[in-house]
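Trainee: I have the model open and would like to understand the terms people use for it. Could you walk me through them?

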Amino acid sequence: MEKLIIHGGNPLRGTVRISSAKNAVLPIIVATLLPETPATIVDAPDLDDVATICSVLESLGVKVDRHEGRLTFDASDIKRAEASYELMSRMRASFLIMGPLLAKMGHARIALPGGCMIGSRPIDLHLKAFEAMGAEIHMGNGFVEGRAPNGLTGTTIYLDFPSVGATENILMAAVTAKGQTIIENAAEEPEIVDLVTFLNSMGANIKGAGTNVIRVEGVKSLLGVEHTVIPDRIEAGTFMIAAAMVGGDVLISNVLSEHLKPLLAKLHEAGVKVVKEFDSVRVISDGHITSTDIKTLPYPGFPTDLQAQFMALMTIGNKESKITETVFENRFMHVGELQRMGASIRVEGRTAIVTGVPFLKGAFVRATDLRAGAALTLAGLSAHGQTEIGELHHIDRGYDHLVEKLQGLGADIVRVNED
Ligand code: UD1
C-alpha cells in the first residue's frame, strides 16, 4: 500500500510553480473530439485524471500522441460512440463526452459516471438539455444512451443550478448545432471561459462566457488549434493555504490572482499576509490564524474545491469558524479524518463548526476524496509528530507532483510503498 509519511513543523520557504488547471484541461481534451483536424494541448499537467480522459478518447478511436506535457488528439476517424463502465467509473468528468459525441456522431452510449463520492452528483441537467436540443435519451442497465440522427438544434436552456459540467457539455453539443443555443444561469467558472477560448479559436461562435448567459451560434465545422490551459486555481489555493497553515514565506508562481478573490479575502481575514505580484502571489505567515467563516458557492463565490483545505486551516484558528457547504450535499468526509488528528469539529447539516485547537497531532488517516487528501496533507505538514496518509490514488487524480513540490519548499514528506 502506498502512503505519504509527513513529519510536521518545517516552515515552507521558496517558490513553487502551479501546473495547468485539471478542471480546464479535462473538458478541453474532450472538446478535441469536435474538430476535423488534430488539436494540441501544451503544458498539460501530469495527472491520473488526464491519463483517464486520454484513455476514454482512445477507446473511441481518437489517436493520442503524447510528448511529455504536449498532447495531440486526432479525432478524424472516431470508430465508436460508446464508453465502458470500466473507464467511466474512474472519473465523473468522462461524462462530458456525451455532448460532443451527440454533435459529431448523432449517437452516444455511456456508462453512468463515477468520480469522487461527494453527494449524489446527478446528470439530470445535462440530459434535460440534450433532450431540449432534440436528442432522444434512454437510461437502462447502467447506461445512458442518446440519439440525434438528424443532428441537434439550438434552443434556450435554463439551468436550475449553474452546473459546471452541464454548461460544458451543452457548449460542446451546441457549437455545431443548427441555429442559436442560449444557456441561462450558466456556470461562470474560469474553466468555462478557457473551454470557450479553445472552442472559439477552433472556429466556434460563442459569446458571454464568464457571465451567466452564454450564446452559441452553431457553425458548420471546427479546425484543430494549439492551446495552453489556464493555471490551476485550486492547486494554487492549496499551496496558499499550506503556507498560511504551516507558516513561512512562499512565492506561488503561474497564478491568476483574479481567479482566487474569495480565498485572498478570507486569508486576509485570517490574518495571513498575501502579496499579489504580476503572475504570482507571495504568502507570508507565522502560523497564527484568526478564525473566519466561509460558505461555498458557484464562481465567483468561495470554491467548494478549497473547502476541505480551508477547514484544515481553521482547525488551528484562534476561536470558532463556521464552514458551510452549499454546492455538494456530502462533502464533509474529511471531518472524521481531521478529528483523528485532534481537530474539534461538529457538523450540523451543511455547516461544520470548527473550534480551533493550539496544534494538530500526527495520526494515520486516509484520503477520502481528492481535496480531502490535500486537506490532510496540509494538516500533516502543520501537525506535531508523524502523519501517515493512505488511499493516495485520490490525490494522484488531481495534484501534479504534489510531494516533490512540497519537498522543494522544505517540507518533510515522502511517499513510500509498503506491501
Ligand atoms: C466540477 C468540478 C469539481 C467542482 C464542481 C463545482 C470538474 C472536472 N469538476 O464538477 O471539481 O467541485 O464543478 O465547482 O470540472 N448537479 C445536478 N444535476 C446535474 C449536474 C449537477 O443536480 O445534472 C448538481 C451536483 O449534484 C452538485 C452541483 O450541481 O450538487 C454542482 O455540480 P457541477 O457544477 O455539475 O460539478 P461538476 O461539473 O461535476
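Trainee: What makes the pair between the ligand and the side chain of D305 a polar contact?

Mentor: This is a predicted model, and in it an oxygen atom of the ligand is 2.6 Å from an N or O atom in the side chain of D305. A polar contact is a pair of N or O atoms within 3.5 Å, so this pair qualifies.

Trainee: How much of the ligand does the protein bury?

Mentor: The protein buries 85% of the 730 Å² that the ligand exposes when taken alone.

Trainee: Which atoms of D124 and V164 face the ligand, and at what distances?

Mentor: For D124, a polar side-chain atom lies 2.7 Å from a nitrogen atom of the ligand. For V164, a backbone N or O atom is 2.8 Å from a ligand oxygen atom. Set these against the 3.5 Å cut-off, and both pairs therefore count as polar contacts.

Trainee: Which residues come nearest to the ligand, and which helices supply its shell?

Mentor: There are 18 residues around the ligand, and D124, L125, S163, D305 and V327 come nearest. Helix 5 (124-132) and helix 6 (164-174) each supply at least two residues of the shell. The largest share, 3 residues, comes from helix 5. Sorted by class, the shell has 8 nonpolar, 5 polar and 5 charged residues.

Trainee: Let us turn to the sheet. How do you know that strand 18 and strand 19 pair?

Mentor: Two strands pair if there are at least two bridges between them, and 2 bridges join strand 18 (residues 294-295) to strand 19 (residues 320-324), so the pair meets the cut-off. These strands run parallel. One bridge partner to look up is I323 in strand 19, which goes with I294.

Trainee: What lies between those strands in the β-α-β unit, and what is the hand of that unit?

Mentor: Helix 10 (residues 307-314) makes the unit together with strand 18 and strand 19, and the unit is right-handed.

Trainee: Why is the pairing in this sheet called mixed?

Mentor: The open sheet has 4 strands in the order 18-19-21-20, with mixed pairing. Strand 18 and strand 19 run parallel, while strand 19 and strand 21 (residues 351-355) pair in the antiparallel sense over 5 bridges. Strand 20 and strand 21 are also antiparallel, over 5 bridges. In strand 21, T351 is the bridge partner of T324, and I353 stands opposite R346.

Trainee: What makes strand 18 and strand 20 edge strands?

Mentor: Strand 18 and strand 20 (344-348) each pair on one side only.

Trainee: Now the loops. What makes the backbone at P300 and N185 worth a look?

Mentor: Most residues other than glycine have a negative phi, and most peptide bonds are trans. The peptide bond from Y299 to P300 is cis, with omega near 10°, and P300 sits in the loop between strand 18 and helix 10. N185 is not a glycine, yet it has a positive phi of about 55°. Its loop lies between strand 11 (180-184) and helix 7 (190-201).

Trainee: And why is E391 called partly exposed?

Mentor: Its relative accessibility is 31%, and partly exposed covers values between 20% and 50%, so E391 belongs in that class. E391 is in the loop between strand 23 (386-390) and helix 13 (393-398), and its phi is positive too, near 65°.

Definitions and conventions. Residues numbered from 1 in each chain as written. Predicted model: local features only at pLDDT ≥ 70, side-chain atom pairs only at ≥ 80, totals over all residues. Heavy atoms only, no water. Near = heavy atom within 4 Å. Polar contact = N/O pair within 3.5 Å; in protein donor to acceptor, adjacent residues only side chain to side chain. Areas by Shrake-Rupley, 256 points an atom, 1.4 Å probe, with all protein chains shown as cover. Nonpolar A, V, L, I, M, F, W, Y, C, P; charged D, E, K, R; others polar. Right-handed = clockwise from strand over helix to strand, strands pointing away. Buried < 20%, exposed > 50% of the residue type's maximum accessible area, 1.4 Å probe, protein only.
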